[in-house]
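Here are a few exercises to work through with the viewer open. Try each task yourself before you read the solution under it.

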Amino acid sequence: MPKREFQGFMGLKYIALKGVPYEESKKHGQLIHASVSKQVERLASHAILAAGLPIRGREVAYYRSILGLSLKQFGSLLGYSDVAILKWERAKDKRLERVNEIAVRVLIAQRMGFSLDSFPLEVPADAKSPKVLEVEYRKEPVGVAPMKASAA
Amino acid sequence: MNRITEARQIIEAVKAGNFSLRVHARLRSAERALPVEEIQSIAATAVEWLWQDDRQTHKFLGYRRNGRGGGFTAVLDGGAVIVTVFKRSLNRWER
């Protein structure tokens, strides 16, 4: 199956998806199967967490879209109003306060079934959003806890 | 196969995850892109269907997971092929 790259994904321009399999249809052009698309969503979502990127308004909007939650639903899961979440999202490049960032990371892990061991919960204060975050497509489950070496 | 039968097949295929997205539908901007589960939610809660003769596609309106409206257009080609996706409010008579 041929593979292609995508630059930008659901509003996050820095995500560069690589090796995404697609089918070529004479009638409909390039097609991506739903299962591939769903895996891409999980890969990109986990990559942001695993790379230790700061959670800004843009990332909140992205995750809320992926999770399919309204402002009110998202807010109530964190103990905030819909207006508070809207304010976060409108300040697109403003990083969340540390405690909120951690809460959002835990929430995403819970809702998407990522292990809390598979990404850092706290991100350094000086972390910056990248120009490019490469995400390589793979079929394996995403966000599982890393294997621990067993004692001999 | 008549259009109603096609529409039913598309709905069942989308609900079962047996569909493909045209790259254009996948790449729509943040404001208009829909994750796969949203498309499946719209199919599962479809309140309106129409056949668009000019575009030769089926159009479906339904509910997204957060209770707001959304839609997609699709054609049948083996499994369903989603041509495009969109968000929109559902009018009172559509709910």
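**Exercise 1. The turn after β3(B)**

How many residues lie between β3(B) and β4(B) in their hairpin, and which residue in the turn has a positive phi?

Solution. Keep in mind that you're looking at a predicted model.
- Step 1: find the hairpin that β3(B) forms with β4(B), and you'll see 5 residues between the two strands.
- Step 2: look at the backbone in that turn; B:G67 has a positive phi of about 90 degrees.
- Step 3: check the pairing itself. β4(B) covers residues 69–77, and its 6 bridges to β3(B) run in the antiparallel sense. To place one of them, take B:K59, whose bridge partner in β4(B) is B:T73.

**Exercise 2. The other neighbour of β3(B)**

Work out which way strand β2 of chain B runs relative to β3(B), and find the turn that links them.

Solution.
- Step 1: β2(B), residues 48–52, is joined to β3(B) by 5 bridges, and the two strands run antiparallel.
- Step 2: pin down the register. B:Q52 has B:T57 as its bridge partner in β3(B), while B:E48 stands opposite B:L61.
- Step 3: go to the turn. This hairpin has 4 residues between its strands, and B:Q56 there has a positive phi of about 55 degrees.

**Exercise 3. Buried or exposed?**

Why does strand β3 of chain B count as largely enclosed?

Solution.
- Step 1: set the cut-off, with buried meaning under 20% relative accessible area.
- Step 2: go through residues 57–63 and count: 5 of the 7 residues of β3(B) are buried, so the strand is largely enclosed by the rest of the structure.
- Step 3: recall the strands that pair with β3(B): β2(B) through 5 bridges, and β4(B) through 6.

**Exercise 4. Where the chains meet**

Describe the interface between chain B and chain A, from its area down to single residue pairs.

Solution.
- Step 1: start with the area. The two chains bury about 1900 Å² between them, and 56% of that is on carbon and sulfur atoms.
- Step 2: count who takes part, which gives 21 residues from chain B and 22 from chain A.
- Step 3: look for charges. There is 1 salt bridge between the chains: B:E37 with A:K38, whose closest N and O atoms are 3.4 Å apart.
- Step 4: add the polar contacts, 10 residue pairs across the interface.
- Step 5: sort the chain B side. β1 (19–22), α2 (23–26), α3 (36–44) and β4 of chain B each supply at least two residues. By type, the residues on this side come to 10 nonpolar, 5 polar and 6 charged.
- Step 6: follow the strands across the chains. β4 of chain A (residues 29–33) pairs with β1(B) in the antiparallel sense over 3 bridges, and A:I32 stands opposite B:L21.

**Exercise 5. Chain A in outline**

Sum up the secondary structure and burial of chain A.

Solution.
- Step 1: count the elements, 5 helices and 5 strands.
- Step 2: read them from the N terminus, and the order is β-β-β-β-α-α-α-α-α-β.
- Step 3: turn to burial, where 49% of the 152 residues of chain A count as buried.

Notes. Residues are numbered from 1 along each chain as its sequence is written. Chains are lettered from A and ligands numbered from 1 in the order in which they are written. This is a predicted model: local features need pLDDT of at least 70, side-chain atom pairs count only at pLDDT 80 or more; totals for chains, interfaces and linings use all residues. Side-chain values use heavy atoms; hydrogens and water are left out. Buried means under 20% relative accessible area, exposed over 50%, partly exposed in between (1.4 Å probe, protein chains only). Two strands pair if DSSP finds at least two bridges between them. Contact means heavy atoms within 4.5 Å. Buried area is the accessible area (1.4 Å probe) that two parts lose on being put together, summed over both. A salt bridge is a side-chain nitrogen of Lys or Arg within 4 Å of a carboxyl oxygen of Asp or Glu. A polar contact is a pair of N or O atoms within 3.5 Å; within protein, one must be able to donate a hydrogen and the other to accept it, and residues adjacent in sequence count only if both atoms are side-chain atoms. Ala, Val, Leu, Ile, Met, Phe, Trp, Tyr, Cys and Pro count as nonpolar, Asp, Glu, Lys and Arg as charged, and the others, Gly among them, as polar.
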